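This briefing goes through one protein structure by topic. Please keep the sequence and the coordinates open while reading.

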Amino acid sequence: MSRPTVRLRSWPLSFLYYILPFGALKPLARVGWRPTSRVTIYKSIPTRLLSRAWGRLNQVDLPTWLRKPIFRLYIWTFGVNMKEAAIEDLQHYRNLGEFFRRKLKPQVRPVCDSHCVISPADGKILHFGRVKNCEVEQVKGVTYSLETFLGPHNWTENLPANRSLDEDDPGTYQDALVTKEGNELFHCVVYLAPGDYHCFHSPTDWRVAHRRHFPGSLMSVNPGVARWIKELFCHNERVVLSGEWTHGFFSLTAVGATNVGSIRIYFDKELRTNNPRYNKGSFNDFKYASNNSQEGVSMRKGEHLGEFNLGSTIVLLFEAPRDFTFNLKAGQKIHFGEPLGTM
């Protein structure tokens, strides 16, 4: 019997191995059977297909009499604060999609004026700090490659003339992103839970010059899953917006997740995510800076930038002076408009 056949037939046993109580199938290990890993089982789930189905379900209009019971169940399950919603009347939302994308009252999320970088969304801080050795932590102790996450460095026209990329030195990629002397590269990861406000905003005043779309998996980005799948953010579909702010390089990446196949960027009408077919490891580039708009797309701090369906993750990567300090704690809740750090 060939190995692929053994692996295929052991998959159901492996699934039962992890869910049955008291190690009911552990005696099988004595005869040489080994369960398929949790990661392998999870990666085999057709999350993209499920997410597209969920997206279509979200757009189905609910009968008026059913809206309040459905939305109240969701509010109770995920702890949604409807007092912050611009429209509190549940019957106003025709379907789940409209409810997920609900707007907030302007006064409930004041934008901090005294700090240069704010949180782009409501959520939980998973990790933050300086980027070291071209590796970034998605949660404490679990890293992913900066180069794999952002892709090839194609904005070399912005580099100083004396900078060149050395493919044998992984640190060179990180160094190339730092365009000003005395700066370092920083990162911050914000996880949006299903009950959070699903829109995201510009975290600073900056110019968006480039968009890179990575089609990919749509695995859950729940912190529990992020702890046991290395480079989870590199496997998942994501949209990388990159450009410049007053201190140099700045990027915001919207990472997709299960049931979050739709990532929308308000100023980008060409972007299409969660397509049925894609080539693994591929990406699509689009330059906002063109003959008609040499500067790209200018964003003001706090301006509406995009939205998810359900919940997901925002990853900020930016250069700043060495004295930049995050005023955060891992695991803390944060709201859009609140400061991330000081200089």
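Strand 8, residues 248-255, is mostly covered, with eight of its eight residues buried. The model is a predicted one. The points below start from this strand and go on to the annotated sites, the cysteines, the salt bridges and one helix.

**Strand 8 and its partners**

- Strand 8 pairs with strand 7 (residues 238-245) in the antiparallel sense, over eight bridges.
- Two residues lie between strand 7 and strand 8, and the two strands form a hairpin.
- One bridge in this pairing sets Arg 238 against Val 255 of strand 8.
- Strand 8 is also joined to strand 13 (residues 313-321), by six bridges, and these two strands run antiparallel.
- In the pairing with strand 13, Leu 252 stands opposite Leu 316.
- In a regular strand, side chains alternate between the two faces of the sheet.

**Annotated positions**

- An unreviewed UniProt entry places the feature "active site" at Asp 122, His 201 and Ser 312.
- These positions are spread over 191 residues of sequence, yet they cluster in space, with a largest C-alpha distance of 14.1 Å.
- Ser 312 also carries the UniProt annotation "modified residue: Pyruvic acid (Ser)", again from an unreviewed entry.
- Where does Ser 312 sit? Its place is in the loop between strand 12 (304-308) and strand 13.
- Ser 312 counts as buried because its relative accessibility is 0%.
- His 201 has its place in strand 5.
- The relative accessible area of His 201 is 3%, so this residue is buried.
- Asp 122 is buried as well, and so is Arg 109.

**Cysteines**

- How many disulfides does the structure contain? The count comes to zero, taking a disulfide as a pair of cysteine sulfur atoms within 2.5 Å.
- Cys 188 has a relative accessible area of 0% and is therefore buried.
- Cys 199 is buried too, because its relative accessibility is 1%.

**Salt bridges**

- The structure holds 13 salt bridges, among them the pairs described here.
- Arg 109 and Asp 122 meet through their side chains in a salt bridge, at 2.7 Å from N to O.
- Arg 109 and Asp 122 both lie in the loop between helix 5 (96-100) and strand 1 (123-130), so the pair ties together parts that are 13 residues apart in sequence.
- Glu 84 belongs with Arg 109 and Asp 122 in one network of salt bridges that share partners.
- A salt bridge also forms between Asp 205 and Arg 300, whose closest N and O atoms are 3.9 Å apart.
- Asp 205 lies in the loop between strand 5 (199-201) and strand 6 (206-214), and Arg 300 in the loop between strand 11 (297-299) and strand 12, so this pair ties together parts that are 95 residues apart in sequence.
- Are these two residues buried or exposed? Asp 205 is partly exposed, because its relative accessible area is 35%, whereas Arg 300, at 56%, is exposed.
- Arg 211 and Asp 268 form a salt bridge through their side chains, at 2.8 Å from N to O.
- That pair links distant parts of the chain, 57 residues apart: Arg 211 is in strand 6, and Asp 268 is in the loop between strand 9 (263-265) and strand 10 (284-287).
- Arg 211 and Asp 268 are both buried.

**Helix 4**

- Helix 4 runs over residues 64-78 and has 15 residues.
- From its first C-alpha to its last, helix 4 reaches 22 Å, close to the 21 Å expected at 1.5 Å a residue.
- Which residues of helix 4 are buried? Arg 67, Phe 71, Tyr 74 and Ile 75 are buried.
- These buried residues cover an arc of only 100° around the axis, which means that they are on the same side of helix 4.
- An α-helix has 3.6 residues a turn, so residues three or four places apart point the same way.
- Trp 65, Arg 72, Leu 73 and Trp 76 are exposed, on the other side of helix 4.

Terms used. Residues are numbered from 1 along each chain as its sequence is written. This is a predicted model: local features need pLDDT of at least 70, side-chain atom pairs count only at pLDDT 80 or more; totals for chains, interfaces and linings use all residues. Side-chain values use heavy atoms; hydrogens and water are left out. Buried means under 20% relative accessible area, exposed over 50%, partly exposed in between (1.4 Å probe, protein chains only). Helices (H or I, at least four residues) and strands (E, at least two) are DSSP runs, numbered from the N terminus. Two strands pair if DSSP finds at least two bridges between them. UniProt positions are given in the numbering used here, feature names are shortened, and annotations may be inferred rather than shown by experiment. A salt bridge is a side-chain nitrogen of Lys or Arg within 4 Å of a carboxyl oxygen of Asp or Glu. The expected span of a helix is 1.5 Å times one less than its number of residues. The arc is that of the directions from the helix axis to the C-beta atoms.
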